Amino acid sequence: MPVLRSAFIALSRNSGLRSFSESSPIGQRLSSRFVAGLEIEDALRATETLNAQGIAATLDSLGENVENPDAARRSAEIYHQLLDAIRKRGLNANVSVKLTQMGLELNPDLASGITAELVGHAVQTDNFVRIDMEGSALTQATLDIVRGLHAGQSSTGPHAGHVGVVIQAYLYRSEKDICELIADGIRIRLCKGAYQEPAQVAFPSKADVDANFVRLMRILVRSGIYHGIATHDEAMIEATRQFVRERKIDPTSFEFQMLYGVRRDLQRALVDQGYRVRVYIPFGREWYPYFMRRLAERPANVLFLAKNFFKN
């Protein structure tokens, strides 16, 4: 499994294979299990379907590492359209944004300014912007920007409560980061992590990552802030449910978060049990890196795709 994970992470960076896959009908068909479609309307339709099942959504316009400021602003414009469409249609949804897509690696001030406009729009539309976490080299810069955004305000009002961030359980630093973010009142999505990280910064074994995930989950669900516990691992889900029961924590005071196309049965079961569930819905033409990271997280997905490719 570690070898396959490393292989898929390496393939996610292969520009030639990416170009072929994103333009190939076969590639688009393979990706459709985990990616809602290529256009905004595809993501909105997927959201409506999930909302009808009692499941919330967070929408992600796929893309990262833009090459110039104009590309960053074009990426942001998609999110502005999403925030307006969510409000107009009365959807139970928010948005997830990568700072490299907003120009972080070009200029942190550019990314902060563009994202501040999005958060201001979220305030105006009574919505929420989740800042996704990327590789560990960008963790501190991401957290610095999120704290600045949360403390700021625009003409539409204070940003506090309208912006949050993702923390990855496989990083050694995450417990300290979580405690600091909670002190600031910032909402967190906890996940295990999907990037290839060196042993100097991340737990190398799954058992250690799982143990840290449970430790961080316990901090989050008793914090009094509305957080997201993002996992498909039934052991992690059961650990969360057990802790909530033991501590008599309101099951609606947090939400489970899962990925589009993964464990749909589990998503519905959790809703039936009275838990809140939000599904991460990615869409767009730059889907290849995201798709390969999903295969890296769970190589068994390759067999699933192979078995289902010729159906329908």
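The following dialogue considers salt bridges and one helix pair in a predicted model.

Student: How many salt bridges does the structure hold?

Tutor: Side chains of opposite charge can pair when their charged atoms come close. The structure holds 21 salt bridges. Among them is a network that links Asp60, Lys98, Asp132 and Arg189.

Student: Which parts does the salt bridge of Arg147 and Asp184 tie together?

Tutor: The side chains of these two residues meet at 3.3 Å, N to O. Arg147 belongs to helix α7, whereas Asp184 sits in the loop between α8 and β7, so the bridge ties together parts 37 residues apart in sequence. Asp184 has 40% relative accessibility and counts as partly exposed.

Student: Where do the two residues of the Arg241 and Glu238 salt bridge lie?

Tutor: Both are in helix α10, three residues apart, which is about one turn of the helix. Their side chains meet at 2.9 Å, N to O. Arg241 is buried, at 17% relative accessible area, while Glu238 is partly exposed, at 28%.

Student: At what angle do the axes of α9 and α10 cross?

Tutor: The axes come within 10 Å and cross at roughly 35 degrees, and the crossing is right-handed. Residues of α9 including Phe213, Val214 and Met217 take part in a contact with α10, where the partners include Met236, Ala239 and Phe243. By class, this contact has seven nonpolar, one polar and two charged residues.

Student: Is Lys206, the salt-bridge partner of Asp233, buried or exposed?

Tutor: Lys206 counts as exposed, at 53% relative accessibility. Its side chain meets that of Asp233 at 3.6 Å, N to O. Lys206 lies in helix α9 and Asp233 in the loop between β8 and α10, so the pair ties together parts that are 27 residues apart in sequence.

Definitions and conventions:
Residues are numbered from 1 along each chain as its sequence is written. This is a predicted model: local features need pLDDT of at least 70, side-chain atom pairs count only at pLDDT 80 or more; totals for chains, interfaces and linings use all residues. Side-chain values use heavy atoms; hydrogens and water are left out. Axes are lines fitted to C-alpha atoms, for helices over the stretch in contact, and angles run from 0 to 180 degrees between N-to-C directions. Helices (H or I, at least four residues) and strands (E, at least two) are DSSP runs, numbered from the N terminus. A crossing is left-handed if the near helix is turned anticlockwise from the far one by less than a right angle, and right-handed if clockwise. Contact means heavy atoms within 4.5 Å. Ala, Val, Leu, Ile, Met, Phe, Trp, Tyr, Cys and Pro count as nonpolar, Asp, Glu, Lys and Arg as charged, and the others, Gly among them, as polar. A salt bridge is a side-chain nitrogen of Lys or Arg within 4 Å of a carboxyl oxygen of Asp or Glu. Buried means under 20% relative accessible area, exposed over 50%, partly exposed in between (1.4 Å probe, protein chains only).
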